[in-house]
Amino acid sequence: MLNCSRKMGRSASVLQVLLVSATIVVAQTQWASGVWGMYCEDLTASVERPHRASVTDFGAVGDGATLNTKAFQNALFHLDSFAKKGGAQLFVPAGRWLTGSFSLISHLTLSLDKDAVILGSPDSSDWPVIDALPSYGRGRELPGKRHQSLIFGSNLTDVIITGANGTVDGQGAVWWDWFHNHTLNYTRPPLVELMYSTRVVISNLTFINSPFWNIHPVYCSQVLVQHLTILAPISSPNTDGIDPDSSTNVCIEDCYVRNGDDIIVIKSGWDEYGISFAHPSSNISIRNITGQTRNSAGLAFGSEMSGGISDVRAEGVRIVNSVHGIRIKTAPGRGGYVKNVYVADVSFDNVSIAIRITGNYGEHPDDGYDRNALPTISNITIKDVVGVNIGVAGMLQGIPGDSFSGICLSNVSLSVRSTDPWNCSLVEGYSSSVSPEVCEQLRATPGPGSGQMCYGGNYPAAAAQPQPPQKSGASRLVSPFLSISWFLRR
């Protein structure tokens, strides 16, 4: 439906970053036999379901005008009877299927034909209002409740949302207008939100024009998100791509995102509510991600991180035409932590700030937050980074009385326009082979016997000596065309 030229325009800058500064993501032995295989190898979209039905069997009409919410709900109610008999598949054939929010069931595959489009209703009354997330204490945008996502589920197991690159279109423009006009009554809905669920697969689909965040697994475990295209106008507000939130054992791979906010952002609750709910995000693996956003970051942490974020490994991240490349966002009152983060094999083109750590970001849910709840930011390793057309290399700013520690940069080469490429305060760490020369706070070089250790991305988490510096950029390219072959097929 959407060809490659419409998704990216095959712009010169995108090809530049993919051909000039991209690197082949060759899975290291540690990755192949360790973290990725540990909790994702047995998750797949190709589960055989012994029972199958089409949404048309329940009266759905794919004309783009008939509201099919009842048809989806009735189909899922019927298929729930097969949950203990191997599960079922609900097929959405070619057509334009207008619907309000509907809730999935366990042991289900929701499968879209390549020419199927699920359309979110432009009528807000077709999106039920539900309770706020307990780790947020209120709607993210407004006090009180929030709208339920278009595709929703809670307390589920063994759920697959997939297709032959079929499309889910949130028709979010009306929601964006309500946001800009300050006429929302409740926080806007994501496109997909699954809560308290396990063994979730979302793959081989295109998501466009979400009212709010796109993919939001919250309080989930064993989640595989792969082969997605996520699109929204770069001016659209808060259309995050993929937001694992207070979730564990999450794998995200081979996705392209162009949107109006963070491409991938890891969260874990907001201030006192996230602290008391105490559901961290951990064991999160990210690889082979390409994207652009004019308003935020390619890979972000927070700012809602009060339940804690740890043990994150990201490799093969390519960001173009964006404000930030990698960003950690937090503030006094957040509490929690972001620790044991390993990011490698990264390329940037036309990014305003390549690496940013912000200690004074974001508002608070209410006046009940603890102003003395300071976040811990530690053991952050960023290595093997190349970038062209970069505005500022880095802005790394901690909090008075709460220095961020263990910030390690290695083998970073950035072509920077600014004459003042680094701005650092209240941070501590180490560096090796960084160009332009990094700020003084990170100029210490980790060495054997010195007690200076950088996080090495091992699972389970353990500090490790940094590897000897490698040559970056083109010296590690086997063939740049291999690294973009998947993208050009999308």
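**View 1. Strand β3 is covered on both faces.** A88, L90 and V92 lie on one side of β3, Q89 and F91 lie on the other, and all are buried. Buried means under 20% relative accessible area, exposed means over 50%, and partly exposed lies in between, with a 1.4 Å probe and protein chains only. Why two sets of residues? In a regular strand the side chains alternate between the two faces of the sheet. Strand β3 spans residues 88–92, and 5 of its 5 residues are buried. Strands here are DSSP runs of E with at least two residues, helices are DSSP runs of H or I with at least four, and both are numbered from the N terminus. This is a predicted model: local features need pLDDT of at least 70, side-chain atom pairs count only at pLDDT 80 or more, and totals for chains, interfaces and linings use all residues. Residues are numbered from 1 along each chain as its sequence is written, and side-chain values use heavy atoms, with hydrogens and water left out.

**View 2. Strand β3 pairs with β1 and with β6.** Two strands pair if DSSP finds at least two bridges between them. Strand β1 (residues 51–54) joins β3 over 4 bridges, in the parallel sense. Look for R52, which stands opposite Q89 in β3. Strand β6 (residues 108–112) also pairs with β3 in the parallel sense, over 5 bridges. There, Q89 stands opposite T109 in β6.

**View 3. Strand β17 is mostly covered.** It spans residues 248–259, and 11 of its 12 residues are buried. Strand β16 (residues 221–231) runs parallel to β17, joined by 8 bridges. Which residue in β17 is the bridge partner of T229? The partner is Y256. Strand β19 (residues 281–293) also runs parallel to β17, with 10 bridges between them. In this pairing, C255 stands opposite I289 in β19.

**View 4. Four strands form an open sheet.** Their order is β5-β10-β13-β15, and the pairing is parallel. Which strands form the edges? They are β5 (102–103) and β15 (215–218), and each pairs on one side only. Strand β5 runs parallel to β10 (residues 151–154), with 2 bridges joining them. F102 stands opposite I151 in β10.

**View 5. I377 is buried in strand β23.** The strand covers residues 376–397. I377 counts as buried because its relative accessible area is 2%. Leaving aside neighbours within four places in sequence, I377 is in contact with I328, T330, V338, F404 and S405. Contact means heavy atoms within 4.5 Å. I377 and S405 are 28 residues apart along the chain, yet their C-alpha atoms are separated by 6.4 Å.

**View 6. S410 sits in strand β24.** This strand runs over residues 404–416. Is S410 buried or exposed? S410 counts as buried, because its relative accessibility is 13%. Not counting residues up to four places away in sequence, S410 touches I382, K383, D384, S432, S433 and V434.

**View 7. The structure holds 1 cavity of 30 Å³ or more.** On a 1 Å grid over the protein atoms alone, a cavity is a set of points where a 1.4 Å probe fits but cannot get out; a pocket is an open set with protein on both sides within 12 Å along at least five of seven lines; lining residues have an atom within 4 Å of a point. The largest cavity has a volume of about 100 Å³. Among its 14 lining residues, L133, R140, R146, T187 and F212 are the closest to its centre. The lining divides into 5 nonpolar, 4 polar and 5 charged residues.

**View 8. The second largest pocket draws on two domains.** This pocket holds about 310 Å³ of space. Of its 18 lining residues, R140, N238, D261, E304 and Y361 are the closest to its centre. The lining comprises 4 nonpolar, 5 polar and 9 charged residues. At least three lining residues come from each of domain 1 (50–251) and domain 2 (262–451). The domain bounds come from an automatic or database domain assignment.

Notes. Points joined across faces, edges and corners; volume = space filled by probe spheres on them. Nonpolar A, V, L, I, M, F, W, Y, C, P; charged D, E, K, R; others polar.
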